[in-house]
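Work through the following exercises with the structure open beside the text, and try each task before reading its solution.

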Amino acid sequence: MERTKFGIQGLDKALMGGIPNGNLVLLSGGAGTGKSTLCMQFLINGASLFGEKALYISTEQNLDELHKHASAFGWDLKKLEEKNLLRIIFFDITHGANFLKEVDAVIKEFQPKRVAIDSMTTLTDALIIGGMGEKSEFSLVQVVETVSPIPRTEQIIAKSILYKLISELKKYKLTTILTSELYEESKRLSADGITEFIADGVMLMHYIEIGVGDYRSLEVRKMRYSDYDKDIIPYDITPKGIVIMEEPK
Ligand SMILES: Nc1ncnc2c1ncn2[C@@H]1O[C@H](COP(=O)(O)OP(=O)(O)O)[C@@H](O)[C@H]1O
Ligand SMILES: [Mg+2]
């Protein structure tokens with residue numbers, strides 16, 4: 001099986017070599033767990049180590065903020081962009097909901113091998129609100145037409161919108177990471193409680209403080225078409241990015 005590597009030692013091993021090609025993986029965790037950083041590493045390593053074209057679709061950090069984030073780790077996004085190995089687009093959620101159209105255009109033109117969408121939470125919140133509008137690609141009428149004509153609550157409609165969004169993204173058969181904000185006490189794997197079922201894979205990032213120390217760990221919860229390490233994987237965010245710590249002997 002062909003796999004897409006993170007290029008992060010320990011993580012690729014836990015995934016038996018990487019994410020099976022074409023899988024759409026949900027990366028879920030609380031604020032500050034390192035989701036955006038891991039997305040960046042996934043894309044930068046893909047481009048610089050494996051020569052694979054990488055697309056970053058950001059809905060939270062704008063282009064300046066992303067460049068600043070990367071340079072704090074010593075990563076030069078500009079260089080990879082100039083080599084046409086990396087493309088970064090910022091989708092401003094306050095500017096309506098032509099998300100799929102924009103994504104479709106950039107994927108067809110750029111033809112990436114790997115994609116990260118950071119974050120799904122901001123995007124779906126915006127689409128759900130904007131999605132009720134007449135002009136939106138996720139108009140209420142369109143969504144309701146695809147479901148049975150029984151009364152729908154807002155939540156079910158929101159789930160239909162999300163389902164459509166993810167189904168559309170899956171059609172590209174690109175290895176894709178979607179980030180999702182997870183609240184501390186949440187028992188669900190994603191903010192919306194549905195993405196984990198549609199996604200081919202789920203990876204959770206945890207951050208806990210115990211006494212004076214804080215601990216970061218990662219966990220693979222689901223990965224279709226592959227076996228994976230079920231253990232908790234301790235990691236650290238270092239000045240060189242996310243590093244998987246040696247397993248204690
Ligand atoms: N240069 C750096 N060196 C070490 N750790 C850093 C550096 N820059 C950021 N961090 C850590 O990364 C965290 C932010 O990670 P980020 O990927 O933005 O998280 P998320 O997207 O999950 O909210 C910060 O809270 C900080 O702990
Ligand atoms: Mg982030």
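A polar contact is a pair of N or O atoms within 3.5 Å. The model used here is a predicted one.

**Exercise 1. Describe how the protein surrounds ligand 1, beginning with the residues that are closest.**

Step 1. The shell around ligand 1 holds 15 residues, and the closest of them are Gly32, Gly34, Lys35, Ser36 and Thr37.

Step 2. Look next at the polar atoms. A polar backbone atom of Thr33 is 3.3 Å from an oxygen atom of ligand 1, a distance that falls within the 3.5 Å cut-off. For Gly32, a backbone N or O atom lies 2.8 Å from an oxygen atom of the ligand, while for Lys35 a polar atom of the side chain lies 2.8 Å from a ligand oxygen atom.

Step 3. Turn to the surface of the ligand, which exposes 570 Å² when ligand 1 is taken alone, and of which the protein buries 65%.

Step 4. Assign the shell to elements: α2 (35–50) and β10 (233–238) are the ones that give two or more residues to the shell around ligand 1, and α2 gives the most, with three residues.

Step 5. Sorted by class, the shell around ligand 1 consists of five nonpolar, eight polar and two charged residues.

**Exercise 2. Follow helix α2 through Thr37, Ile44 and Ser48, and state for each whether the residue is buried, partly exposed or exposed.**

Step 1. Thr37 lies in helix α2 and is buried, because its relative accessible area is 5%, where the limit for a buried residue is under 20%. The side chain of Thr37 also makes a polar contact of 3.0 Å with the side chain of His69.

Step 2. Ile44, likewise in helix α2, has a relative accessible area of 9% and is therefore buried. Between the C-alpha atoms of Ile44 and Asp76 there are 8.9 Å in space, although these residues are 32 residues apart in sequence.

Step 3. Ser48 is also placed in helix α2, but with a relative accessibility of 44% Ser48 counts as partly exposed. Ser48 and Leu85 are 37 residues apart in sequence, and their C-alpha atoms are 7.9 Å apart in space.

**Exercise 3. Explain why the buried residues of helix α3 line one face of the helix.**

Step 1. The buried residues of α3 (residues 63–71) are Leu66, His69 and Ala70.

Step 2. Viewed down the axis of α3, these buried residues fall within an arc of 95°, and therefore they line one face of the helix.

Step 3. The general pattern helps here: an α-helix has 3.6 residues a turn, so residues three or four places apart point the same way.

Step 4. Asp64 and Lys68, on the other side of α3, are exposed.

**Exercise 4. Check the length of helix α5 against its expected span, and then find which side of α5 is buried.**

Step 1. Helix α5 has twelve residues (residues 99–110), which at 1.5 Å a residue should span 16 Å; the C-alpha atoms at its ends are 16 Å apart, so the two values agree.

Step 2. Phe99, Leu100, Val103, Val106, Ile107 and Phe110 are the buried residues of α5. They cover an arc of only 135° around the axis, and so they are on the same side of α5.

Step 3. The face of α5 turned away from the buried side carries Lys101, Lys108 and Glu109, which are exposed.

**Exercise 5. Locate the backbone features at Asn84, Gln111 and the bond between Asp118 and Ser119.**

Step 1. Begin with what is usual: most residues other than glycine have a negative phi, and most peptide bonds are trans.

Step 2. Asn84, which is not a glycine, has a positive phi of about 60°. Asn84 lies in the loop between α4 (77–82) and β5 (86–90), and its relative accessible area of 34% makes Asn84 partly exposed.

Step 3. Just after α5, Gln111 takes a positive phi of about 55°. Gln111 is found in the loop between α5 and β6, and it counts as exposed because its relative accessibility is 57%.

Step 4. The peptide bond that joins Asp118 and Ser119 is cis, with omega about 5°, and Ser119 is found in the loop between β6 (114–118) and α6 (120–130).

Technical notes:
Residues numbered from 1 in each chain as written. Chains lettered and ligands numbered in written order. Predicted model: local features only at pLDDT ≥ 70, side-chain atom pairs only at ≥ 80, totals over all residues. Heavy atoms only, no water. Near = heavy atom within 4 Å. Polar contact = N/O pair within 3.5 Å; in protein donor to acceptor, adjacent residues only side chain to side chain. Areas by Shrake-Rupley, 256 points an atom, 1.4 Å probe, with all protein chains shown as cover. Helix = DSSP H or I, 4+ residues; strand = E, 2+ residues; numbered from the N terminus. Nonpolar A, V, L, I, M, F, W, Y, C, P; charged D, E, K, R; others polar. Expected span 1.5 Å × (residues − 1). Buried < 20%, exposed > 50% of the residue type's maximum accessible area, 1.4 Å probe, protein only. Arc of directions from axis to C-beta.
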